[in-house]
Structures are given as C-alpha cells and as structure tokens.
Amino acid sequence: MNAPPPDKPRDGLVTVSHGNASLVETTDGALVLCHHRRNQPRPVCGDRVRWRWVSDSGGVVESIRPRRSLLERPDFRGRPRPLAANVTLLVLVVAPEPGIDTGLIDRYLVLATHLHARAVLWVNKADLLPHPELPDPDALLRRYAGLGMPGRAGSVKHGTNLDWLRGKLADETAILVGHSGVGKSSLLETLIPDLEVRINALSEASGHGRHTTTATTLFHLPGGGQLIDSPGIRNFRLDHMDRETLLAAFPDLTPYLNACRFANCRHDAEPGCAVKQALAKGEILPERLASFQKLLAEVRPG
Ligand SMILES: Nc1nc2c(ncn2[C@@H]2O[C@H](COP(=O)(O)OP(=O)(O)O)[C@@H](O)[C@H]2O)c(=O)[nH]1
Ligand SMILES: [Mg+2]
Ligand SMILES: [Zn+2]
C-alpha cells in the first residue's frame with residue numbers, strides 16, 4: 001500500500017486496541033496498525049475514528065468520533081476502564097451447565113439499560129434440557145421477554161434456533177457476555193465460520209505474531225452486523241451507575257417501591273410494606289427483589 005503524503009484524515013473502525021496502537025479497519029475493509037497519540041483519549045474496540053497514514057504501512061489515530069455508549073469494567077483498583085464502544089446489543093449466554101444464575105441476568109439487564117443497548121438472552125446447550133437443576137426455561141424466557149430481554153433456548157452443538165439469534169444480530173454491534181463455560185467461544189465459531197482466517201489476518205496486521213485471545217475484538221458477521229468477543233467482560237460491578245438506571249431495569253418492582261407506608265421502608269418487617277404484600281400475592285418474584293436489593297447496595301447513592 002503506498003501512502004500519498006501528506007495524507008488526509010480517513011474514517012475507520014477500531015477492531016482491536018492494544019496499549020499504544022489500534023488495528024483500524026479502513027472503509028475498504030483493510031486493517032491498518034495505527035498508533036495512538038499521547039495525551040489523547042485511548043480508542044477502544046468499536047470506536048469510530050479518524051486516522052491517517054504516517055508511513056507506507058502504518059498510521060495514527062487523529063480523533064475518536066463521539067461514542068454512542070462506552071462499556072467499562074473495573075481495573076485491579078476498581079477504577080472503570082473502557083472496554084468497548086458503541087455496543088447496541090448485549091447477548092447474554094447462559095446454559096444449564098454450568099447452571100443459570102438469574103442474579104447475573106438481572107445484572108446484565110441493568111448494564112444494558114445503562115448503555116441504552118438492547119439485550120437478548122440465549123439459553124445455550126438446549127440439548128441438555130430438560131435439566132434437573134434448571135426449573136423451567138420457558139418460564140425464565142417469558143419472564144425476561146416481559147422485561148425487555150427476548151430470548152430463546154438453542155444449541156450450538158446441534159445447531160438449533162441459531163437462525164433466531166442470527167436475525168437478532170443483523171445490523172447490531174453486539175457483545176457476547178456470560179459465565180465461562182456456557183459456550184460463548186463455540187457460538188462465536190459457529191456464527192463466524194472463517195473465524196480462524198480472520199484471527200490470522202489480525203495477527204498479521206498487528207505484527208505481534210499471534211493475536212491474543214484475551215483482547216476485546218470486533219468481528220463482522222456474514223449476515224451483517226458486528227460481534228465483539230471480550231473475555232474481560234466477565235467481572236463488572238455497578239458502582240459507576242446510578243440509582244435511576246437500576247430502577248429503570250426493574251419495571252416490575254418500581255410500582256411497589258414507593259407505595260410502602262414508610263418512605264424509608266427497607267421492605268423487611270415494616271408494617272404497611274407494599275413490596276411484601278406484592279410478594280405475598282405473587283405479583284413480584286422473590287428472586288427479582290433479592291437481585292434488586294443486592295444491586296442497590298452497589299450503585300452510586302442518590
Ligand atoms: N452440550 C452442549 N455443549 C456445548 C454447547 N455449546 C458449547 N458446548 C460445550 O461447552 C464447553 C464450553 O464451551 P466454550 O465455548 O468454551 O464456552 P465459553 O467459556 O463461554 O467460551 C465446551 O466443552 C463446548 O464444547 C451446546 O450447545 N451443547
Ligand atoms: Mg471462551
Ligand atoms: Zn416496603
């Protein structure tokens with residue numbers, strides 16, 4: 001590739017960001033290693049950037065386009081560190097093995113609300129259903145569909161219901177999240193048949209030899225849309241989110257939370273507790289209330 005100097009800024013998409021450089025996908029679909037400017041915010045996976053050539057093989061990121069959203073996770077000191085930008089869809093993968101933790105689903109629902117992103121629930125390993133430790137996947141899927149997180153049970157192993165998921169992914173910038181062992185890597189390999197070829201192209205373009213599978217990376221889907229694979233998303237806390245965001249993710253509880261006799265009701269043993277009454281009548285689920293109270297302790301007060 002020959003660069004006509006002096007080069008003008010061009011549009012690009014950050015595929016993967018290392019410490020001081022990003023692999024930027026050009027509008028022609030080529031990958032260019034672009035260094036980051038010092039004293040400038042660091043681009044992350046999913047960022048739309050302006051970049052330009054500085055040599056015949058490499059470039060520099062000039063600026064980051066305004067972000068639609070920024071997904072962060074805490075670093076070792078608990079400070080939020082940017083992980084991926086412009087995510088529009090969270091794909092939460094759960095599975096009967098290693099087991100389904102509804103608290104985790106509730107947590108991701110809050111994250112989606114915080115990002116103004118859509119969310120879908122993929123119950124993987126449906127070939128293992130019915131499962132003695134999993135109550136009723138249909139009830140679970142109905143519950144979360146009612147909360148704005150539509151879902152399906154399917155199997156990567158048997159290829160069932162994958163077209164439903166492909167349909168949800170088209171035109172989105174999606175990120176795969178969920179516990180280790182649920183099948184995220186298997187899903188990525190199925191959704192992107194030439195994954196290995198693409199990973200090799202990334203390694204070659206970054207000049208680092210092997211592409212590290214621990215780096216948050218964006219892949220294009222054959223049916224349109226982009227999928228971000230991020231091993232780092234596993235742990236995240238809600239401390240940088242606010243109470244309003246949490247409430248917005250619990251529309252099933254909000255009608256009751258302010259209806260108790262005492263404004264400072266802890267929904268424990270106080271008389272006239274609307275939440276306890278709703279629980280007794282089966283209008284709200286104990287699991288959801290437990291999630292809410294746990295998450296409330298984590299969010300920013302106010
Ligand atoms: N029975 C069954 N096993 C699956 C399915 N999808 C993935 N697995 C297996 O689950 C294990 C964990 O999968 P992996 O993709 O590494 O999960 P990850 O940790 O979320 O990336 C592997 O042994 C997979 O072969 C499925 O649909 N059914
Ligand atoms: Mg994996
Ligand atoms: Zn109460």
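This passage walks through a predicted model of a single chain, from its overall layout to individual residues.

The chain holds 9 helices and 13 strands, and its C-alpha trace spans about 75 × 45 × 30 Å along the principal axes. Of its 302 residues, 35% are buried. Contacts often bridge long stretches of sequence: among those between residues at least 6 apart, 64% join residues at least 24 apart. The chain is divided into domain 1 (10-64), domain 2 (70-234) and domain 3 (243-296). Taken over C-alpha atoms, the centres of domain 1 and domain 3 are separated by 47 Å.

A good place to begin the closer look is strand β5 (residues 58-64), where Gly59 is found. Gly59 counts as buried because 24 other C-beta atoms lie within 10 Å, and the threshold for a buried residue is 20 or more. Leaving aside neighbours within four places in sequence, the contacts of Gly59 are Val24, Val32, Cys34, Trp51, Arg52, Trp53 and Val54. Arg42 sits in the loop between β3 (31-36) and β4 (48-53). Here the count is 18 other C-beta atoms within 10 Å, so Arg42 is partly exposed. Not counting residues up to four places away in sequence, Arg42 touches Ser17 and His36. The C-alpha atoms of Arg42 and Ser17 are 8.5 Å apart in space, although 25 residues separate the pair in sequence.

Next comes a hairpin, formed by β6 and β7 with 5 residues between them. Strand β6 (residues 70-74) and strand β7 (residues 80-85) run antiparallel and are joined by 5 bridges. One of the pairings can be picked out by residue: Leu71 has Ala84 in β7 as its bridge partner. In the turn, Gly78 has a positive phi of about 85°.

Attention then turns to strand β11 (residues 173-177) and its partners. This strand is mostly covered, with 5 of its 5 residues buried. Thr173, Ile175 and Val177 point one way from β11, while Ala174 and Leu176 point the other way. Both sets of side chains belong to buried residues. Strand β8 runs parallel to β11 and is joined to it by 4 bridges, with Leu92 standing opposite Val177. Strand β13 (residues 226-229) also pairs with β11 in the parallel sense, again over 4 bridges. In that pairing, Leu176 has Asp229 as its bridge partner.

Ile175 and Leu92 appear again in the largest nonpolar core, which has 72 residues. Together with Leu90, Val91 and Ala119, these two touch the most other members of the core. Helix α1 (residues 102-115) supplies the largest share of this core, 7 residues.

The surroundings of ligand 1 are worth a visit too. There are 14 residues around ligand 1, and Lys157, Gly183, Lys184, Ser185 and Ser186 come nearest. By type, this shell divides into 3 nonpolar, 7 polar and 4 charged residues.

Several backbone details deserve a second look in the viewer. Most residues other than glycine have a negative phi, and most peptide bonds are trans. Two cis bonds can be described here. The peptide bond from Glu97 to Pro98 is cis, with omega near 15°, and Pro98 lies in the loop between β8 (89-94) and α1. Leu129 and Pro130 are likewise joined by a cis peptide bond, with omega of about -5°. Pro130 belongs to the loop between β9 (118-123) and α2 (137-146).

The loop between β9 and α2 is also the place of Lys125, which has a positive phi of about 60° although it is not a glycine. Lys125 counts as buried because it has 24 C-beta neighbours inside 10 Å. Between Lys125 and Gly59 the C-alpha distance is 43 Å, with the two positions 66 residues apart in sequence numbering. His267 provides another positive phi outside glycine, near 55°. This residue lies in the loop between α7 (254-257) and α8 (274-280). With 18 C-beta neighbours inside 10 Å, His267 is therefore counted as partly exposed.

How values were computed. Residues numbered from 1 in each chain as written. Chains lettered and ligands numbered in written order. Predicted model: local features only at pLDDT ≥ 70, side-chain atom pairs only at ≥ 80, totals over all residues. Core = buried A, V, L, I, M, F, W, Y, C linked by C-beta atoms within 7 Å. Buried ≥ 20, exposed ≤ 12 C-beta atoms within 10 Å, placed from the backbone. Helix = DSSP H or I, 4+ residues; strand = E, 2+ residues; numbered from the N terminus. Contact = placed C-beta atoms within 7 Å. Near = placed C-beta within 6 Å. Nonpolar A, V, L, I, M, F, W, Y, C, P; charged D, E, K, R; others polar. Pairing = 2+ DSSP bridges. Domains from an automatic or database assignment.
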